[in-house]
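Thanks, everyone. I'll take this one in three parts, so please have the viewer open.

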Amino acid sequence: MDTPRTIAETLPKTDAAGRPVLAALANNMVSPLAAPVIGEPELVPLTRADPHGALVHRGTLVFLLAKCAAKLFPACRFRVRNSIGPALWCTVDAPPGGGAAPAPDALVAKLRPALDALVQADVPIVFEPVAYGNAVALFERLGRKDELNLLRHRNPPVVVLSRCGDFRALNQGTLASRTGAVAGFYDLVPVDGGLVLNVPSADKPDAVEPLPYVEPYFKVFRQHGARTAVTGVETIGDLNQAILEKRFDVFVRTVEALQTKDLAGIADQIARHKPSVRLVLLAGPSSAGKTTTAHRLCTQLRVDGLRPLRLSTDDYFVGDARNPRDENGKLDWEHVDAVDAERLAQDLNALFAGEPVHLRRFSFKQHDGYDEEKETRLPPNGVVVLEGIHALNPRLTRGIADDVKFKVFLNALTQLVLDSCNRISATDTRLLRRLVRDFHFRGISPLKTFELWPMVVAGERKWIYPFQGEADAVFNSSLDYELAVLKPYAAELLNQVKPWDAAFAEARRLSGILHNVSLAKSDAVPGDSILRETIGGSQLDY
């Protein structure tokens with residue numbers, strides 16, 4: 001029998017712009033170039049200019065960086081930690097038996113030439129199936145706790161590893177077939193506590209953009225690292241073990257209490273700025289938990305003696321007749337001009353002047369706004385808490401003096417890692433939240449959510465993230481336990497996406513992430529948790 005052709009033998013080596021083909025969509029499934037061509041599949045080449053290809057590009061570089069770190073710092077532990085746009089913060093931690101971690105400058109000084117040499121060598125990266133017992137024995141011998149923790153809660157007869165030379169890691173996604181495929185498009189930047197692997201984004205595939213102002217993020221990242229050391233849950237494997245040992249309820253309460261403590265700290269900052277602060281602006285991307293956070297922040301402000309009035313920018317939508325449209329003529333609900341800034345400023349200024357206001361409300365059923373019948377006044381010692389995706393955009397509150405504003409940016413900034421080479425992005429967590437929320441509370445199918453998501457993310461890049469650096473405080477809305485609770489909700493929805501659907505590759509990728517997570521019931525989730533905004537059962541009034 002003839003050996004089947006591989007995808008690499010079928011596709012061109014580069015696209016029209018000269019970018020290397022890293023992998024392929026084979027019938028809507030991301031597949032390595034070494035995979036055999038079976039039948040007559042529809043093949044689409046993937047480069048770093050495609051969102052799926054950009055993930056292959058970045059994942060390959062993380063794998064190669066881990067290989068270099070294992071060789072240069074064998075007593076230390078390499079781990080990918082958090083994302084900053086397309087870039088990734090990575091650490092090489094101190095040896096478990098004692099000693100110091102390499103200084104960031106020294107770390108990059110050694111890793112950069114090693115990574116460059118490995119990429120220039122253009123050696124193969126292969127997938128290697130091994131028996132489960134052999135995989136466990138390998139990671140035990142290497143002292144790779146992360147991988148062992150994942151395997152402890154799985155029992156496949158065969159484990160697929162990614163291998164380059166003598167370095168192996170658990171395979172969690174498609175990688176390039178050769179190291180040279182990522183040449184020229186990466187950078188290593190020393191930062192406090194490690195380094196940043198900077199790579200192009202899919203929308204700007206031929207440039208490694210300078211890092212944005214990231215100190216507020218690193219403050220959250222470092223705080224999260226300190227807290228995982230306290231809770232003892234640093235990886236998905238640790239979370240699975242907590243569920244197995246019936247420690248999940250205690251872990252949930254601890255995570256929620258830490259988040260409440262963060263909100264209390266932000267409320268204290270606002271209270272210290274009174275009486276000058278009269279408007280708290282709370283912004284963040286889709287499914288970051290803005291509404292629940294606004295409710296809970298109001299509670300903490302009351303504890304500090306303030307009298308908050310919560311408003312949402314959603315209630316000031318202009319309606320479909322006046323809503324901006326995109327270049328294809330579709331309604332663009334992410335555009336800042338979808339909000340009636342003039343009416344919002346009018347109401348806010350009236351409230352600050354002590355005048356009665358018929359506040360605006362929006363009917364999502366009728367897609368139009370209306371005025372409340374009752375009048376609202378801002379009480380003595382009152383402060384308005386305005387939440388919405390555009391809240392930090394100065395165009396939205398241009399009629400309000402800057403010195404009365406306190407700005408809060410929130411996002412699901414951190415998440416437990418899978419293992420040393422694989423993490424779960426904040427964007428993936430938000431997408432899983434949105435899939436569940438859209439289906440259960442808005443009647444939107446998973447396919448429709450997947451269809452809309454690229455437009456949502458594009459809107460966030462244009463209208464939300466450019467203003468995050470202006471925030472007076474940053475709030476991390478992620479919950480380290482949430483994937484275990486989301487799994488039974490999300491897995492069912494992901495299974496509705498079939499191989500002939502355009503979203504199949506993305507659905508399978510998310511399913512692969514959830515495959516590593518043990519499921520937990522939602523009973524332990526408090527009624528005022530951010531997660532209740534997604535799964536239901538909230539005690540808050542939305």
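**A sheet, a helix and two cores**

Start at one residue pair: Trp89 has Val196 in β10 as its bridge partner. Keep in mind that this is a predicted model. That bridge sits in the pairing of β5, residues 87–93, with β10, residues 194–198. The two strands run antiparallel and share 3 bridges.

Now the helices on that sheet. Helix α6, residues 215–231, packs there and touches β4, β5, β9 and β10. The direction of α6 makes about 135 degrees with that of β4. Helix α2, residues 51–72, also lies across β4, β5, β9 and β10. For α2, the angle to β4 is about 150 degrees.

What is the order of the strands in the sheet? Read across, the order is β4-β5-β10-β9. That makes 4 strands in an open sheet, with antiparallel pairing. At the edges are β4, residues 77–84, and β9, residues 187–191, each pairing on one side only. On average, neighbouring strands are turned by 30 degrees against each other, ignoring direction.

Next, helix α11. This one covers residues 426–442, 17 residues in total. From first C-alpha to last, α11 reaches 22 Å, close to the 24 Å expected at 1.5 Å a residue. Right after the helix, Gly443 takes a positive phi of about 65 degrees.

Is α11 enclosed or open? Of its 17 residues, 12 are buried, so α11 is largely enclosed by the rest of the structure. Look at which ones. The buried set includes Leu431, Leu432, Leu435 and Val436. Charged side chains are in there too: Asp428, Arg430, Arg433, Arg434, Arg437 and Asp438 are buried. And what covers them? The cover includes β16 (405–411), α12 (446–463), α13 (482–494), α14 (504–514) and α15 (532–535).

Stay in this region and find Phe450. Setting aside residues up to four places away in sequence, Phe450 touches Leu431 and Leu435. Its other contacts are Leu494, Val497, Ala503, Glu506, Ala507 and Leu510.

Last part: the cores. The largest nonpolar core has 73 residues. Which residues have the most contacts inside it? They are Ile236, Leu239, Phe248, Ile270, Leu432, Phe450 and Tyr481. Helix α8, residues 248–273, gives the most to this core, with 8 residues. Another core lies apart from it, with 41 residues. Among them are Phe218, Ala338, Val357 and Val384.

That's the tour. Over to you.

Technical notes:
Residues numbered from 1 in each chain as written. Predicted model: local features only at pLDDT ≥ 70, side-chain atom pairs only at ≥ 80, totals over all residues. Heavy atoms only, no water. Expected span 1.5 Å × (residues − 1). Buried < 20%, exposed > 50% of the residue type's maximum accessible area, 1.4 Å probe, protein only. Contact = heavy atoms within 4.5 Å. Pairing = 2+ DSSP bridges. Axes fitted to C-alpha atoms, helices over the stretch in contact; angles between N-to-C directions. Core = buried A, V, L, I, M, F, W, Y, C linked by side-chain atoms within 4.5 Å.
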